[in-house]
Amino acid sequence: MMINESLAGDFILVGFSDQPQLEKILFVGVLISYLLTLVGNTAIILVSCLDPMLHTPMYYFLTNLSFVDLCFTTSIVPQLLWNLHGSAKTITPVGCAIQLYVSLALGSTECVLLAVMAFDRYAAVCRPLHYATVMHSRLCQSLAGMAWLSGMGNTLIQGTITLWLPRCGNRRIYHFICEVPAMIKLACVDIHANEVQLFMASLVLLLLPLALILISYGYIVQAVMRIRSAQAWRKALGTCGSHLLVVSLFYGTITAVYIQPNSSYAHREGKFITLLYTVLTPTLNPLIYTLRNKDVKGALKRLVRR
């Protein structure tokens, strides 16, 4: 158990140590990406809070998403940069536990939050006359709270079970992050039950929200097709395009790691896929929402003029 083994020494995050030249390139790329993440997501949070015109359900959820991305990438990137820059590829047991709990909680929260945002887009397109009544502030707060609570609940269960697995001194993690699929590989007992449990949790917190997103957009497409107007298509694309792009980036990468045969997880491709949803996606999210959204660009201009 991790609690009893915590004094035995630090974990070794093998990461990309077998490719030292690649580490130098990754360090620069990850650092730039992290700085852009901090600036972009902080800007969205500020304009959404300070500009009265953005005090709507859509931007309330977008603020939550930006905050999740800020915390998610911060729980991973500083340690990754330290390991990429130096020769010591280690992380303390306490640091590993914190990273596991925080990153898993925030990743799970984002899965549910993206489904909540899809429901908001459904209400905006399919129930425009009743949108303000349906998406009232109390419901928005409840939906956001549900996303946060589901993430915390998942990490308390999955994280605790994973950390209490006996490891018999195994401390080499063949990854750059303390993540559940990589951590359970350290166990010196039969982990089949843990793999099944992880798969079931992934079904609930990955595929179920994804199914709800697809259903929401199915209704949106039906509503737009009934109108049969090019202007309606453009308006729907403007309303939903940014969210669809974010969903594609996030789910397209994270499902490749969590919904796959366990034997293929340790392959090199798994590390690069994890880099995409832990480092690149939080960087691209604010760019997607600002470049494709006239409201956010207008709010940014007004904030700068002040």
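Here is a chat between a trainee and a mentor about salt bridges, burial and annotated spans in this predicted model.

Mentor: Quick ground rules: residues are numbered from 1 along each chain as its sequence is written, and side-chain values use heavy atoms, with hydrogens and water left out. As the model is predicted, local features need pLDDT of at least 70 and side-chain atom pairs count only at pLDDT 80 or more, while totals for chains, interfaces and linings use all residues.

Trainee: Why is the pair Lys-89 and Glu-23 called a salt bridge?

Mentor: The term asks for a side-chain nitrogen of Lys or Arg within 4 Å of a carboxyl oxygen of Asp or Glu. The closest N and O atoms of Lys-89 and Glu-23 are 2.9 Å apart, so the pair fits. Lys-89 sits in the loop between α4 (77-85) and β2 (90-91) and Glu-23 in helix α2 (residues 20-50), so the bridge ties together parts 66 residues apart in sequence.

Trainee: What makes Lys-89 count as buried?

Mentor: Buried means under 20% relative accessible area (exposed is over 50%, partly exposed in between; 1.4 Å probe, protein chains only). Lys-89 has 12%, so it counts as buried. Glu-23, with 9%, is buried as well.

Trainee: How many salt bridges does a search of the whole structure find?

Mentor: Two. Asp-120 also pairs with Arg-121, with the closest N and O atoms 2.6 Å apart, and both of these residues are buried.

Trainee: How do you know which residues are labelled "transmembrane region"?

Mentor: That comes from an unreviewed UniProt entry, and 25-47 is among the spans listed. Such annotations may be inferred rather than shown by experiment. In the model, residues 25-47 are 100% helix, with end C-alpha atoms 33 Å apart.

Conventions:
Helix = DSSP H or I, 4+ residues; strand = E, 2+ residues; numbered from the N terminus.
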